[in-house]
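Work through the exercises below with the model open. Try each task before reading its solution.

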Amino acid sequence: MAWPCSSSSSRKNPPAPMLRRNQWILQSLLLCVLVSLANAATDYYKLLGIGRRATAKEIKKAYRQKSLEWHPDKNKQEGASEKFAEIAHAYEVLSDDSKKGIYDQHGEEGLKQQEQRGGSGGGGGGGFDDIFSQFFGGNGGRRGQQREQQTASVEIPVRITMTQLYLGDTIEVEYVRETLCVNWQECTKNNQECHGPGVKVRMQQIAPGFVQQVQQHDERCIARGKMWRPNCKECPNGQTETEKVDLTLDITKGMRPGEVITFEGVADEKPGMTAGDLHFIIMELPDSNDEFHRDGDQLYKTMEVPLVDALTGFSITLKHLDGHEFTVNVDGVTECDHVMRVPGKGMPRRSGRGFGDLYITFEVDFPDTLTDAQKEAIQLILGDGDAATTGDSSEL
């Protein structure tokens, strides 16, 4: 008896329930892979040192501190540039509600997929340099637009002793500035007559068919096309609020008076403007003991020596700015206002390679009077023989 053979189609095509089950398994595996990749990726919250429930103000403050700490111009550690870029990217994501929502749900991989689908919302960013400049007062304008104005930079003299400049030092300072209200963007409205901070331009008809542009000053204009809404509940104290910023001044060995330590974008913030820079200008205080005077990498010192030492030679022990002692030996006769160079006993060179020199000017201290016995002794020692013979023959 011949049994019917099963058709080839029944062998190749599994039942529909099995197909759905296999698809579900594959989707579950793919989801696990994506979750694993998200967990293995950089944790933006950890990078900024904040929790996942951090407010917009806390995110902003954390970014400010981290970006200043890892800015390549300030931090010379290896990998500082990469760290700075990561911090800027983390702030770019967490400061954008849309991107933050995607990241919180799907991690870094979800952001990448969103960008690939063209859903970044802004046509692409300008890199972490744009984010850094935007953070300190900018409005995130695209390249090619009119360059944003900058708030006034601030110069602050900082008095440093010569000893601090010799040894190097680290100084903690607290700077009080005006920073933007956290929700300041909620207090703006569109106004095409605004052409920049404080600038309003309107069209005025002067005759039928003739119009002219009239430029006026209007404090409500904070940026091109943006006007401030007064009495906004999001910013009850106005556009800005007072903030204390902790800064660290790194006094490098050998720094000179007039040198500047700059913190970019730390001056006052203002809507529609980038924050200006904060400059600390080195002012050198004189040596407390008035022992040394400085000119560049060289040190100068003036000291008196008794006449007998000037004639016979001497040794002196000096104490330097850092407290260490060293000995200077002088042989032979020292003339008045003689200048002696002591190599390597000046200030540290700004390049970090060695030290300058110390120049000592000797002033001979002559006695006010001499006794007859002292005069005769000096004549016997220093007088010439002819003068002595002449004196004896005159008495005969």
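**Exercise 1. Describe the second largest pocket: its volume, its lining and the elements behind it.**

Step 1. Take the volume. The second largest pocket of this predicted model holds about 800 Å³ of space. A pocket here is an open set of points on a 1 Å grid over the protein atoms alone, where a 1.4 Å probe fits, with protein on both sides within 12 Å along at least five of seven lines. The volume is the space filled by probe spheres set on the points, which are joined across faces, edges and corners.

Step 2. List the lining. It has 23 residues, and Leu68, Lys74, Thr248, Asp250 and Phe263 lie nearest the centre. Lining residues have an atom within 4 Å of a point.

Step 3. Assign elements. α4 (56–70), β8 (240–251) and β9 (260–263) each give two or more residues to this lining. β8 gives the most, seven residues. Helices (H or I, at least four residues) and strands (E, at least two) are DSSP runs, numbered from the N terminus.

Step 4. Sort by type. The lining divides into 12 charged, seven nonpolar and four polar residues. Asp, Glu, Lys and Arg count as charged; Ala, Val, Leu, Ile, Met, Phe, Trp, Tyr, Cys and Pro as nonpolar; the others, Gly among them, as polar.

Before going on, note the ground rules. Residues are numbered from 1 along each chain as its sequence is written, and side-chain values use heavy atoms, with hydrogens and water left out. Local features need pLDDT of at least 70 and side-chain atom pairs 80 or more, while totals for chains, interfaces and linings use all residues.

**Exercise 2. Trace the salt bridges of Arg64, then find the network they belong to.**

Step 1. Start with the total. The structure holds 16 salt bridges, each a side-chain nitrogen of Lys or Arg within 4 Å of a carboxyl oxygen of Asp or Glu.

Step 2. Take Glu243. Its side chain meets that of Arg64 at 2.8 Å, N to O. Glu243 is in strand β8 and Arg64 in helix α4, so the bridge ties together parts 179 residues apart in sequence.

Step 3. Take Glu269. Its salt bridge with Arg64 has its closest N and O atoms 3.8 Å apart. Glu269 sits in the loop between β9 and β10 (273–274), 205 residues from Arg64.

Step 4. Check burial. Arg64 has a relative accessible area of 5%, so Arg64 is buried. Glu269, at 2%, is buried as well. Buried means under 20% relative accessible area, exposed over 50%, partly exposed in between (1.4 Å probe, protein chains only).

Step 5. Compare a bridge elsewhere. Arg350 and Glu259 meet at 3.0 Å, N to O. Arg350 lies in the loop between β16 and β17 (358–365) and Glu259 in the loop between β8 and β9, so the pair ties parts 91 residues apart. Arg350 is partly exposed, at 34%.

Step 6. Join the partners. Shared partners link Lys60, Arg64, Arg177, Glu243 and Glu269 into one network of salt bridges.

**Exercise 3. Locate two residues with unusual phi values.**

Step 1. Recall the background. Most residues other than glycine have a negative phi.

Step 2. Find the exceptions. Asn231 has a positive phi, near 60°. Asp337 also has a positive phi, near 60°.

Step 3. Place them. Asn231 is in the loop between β7 (221–228) and β8. Asp337 is in the loop between β15 (325–330) and β16 (338–342).

Step 4. Check exposure. Asn231 counts as exposed because its relative accessibility is 82%.
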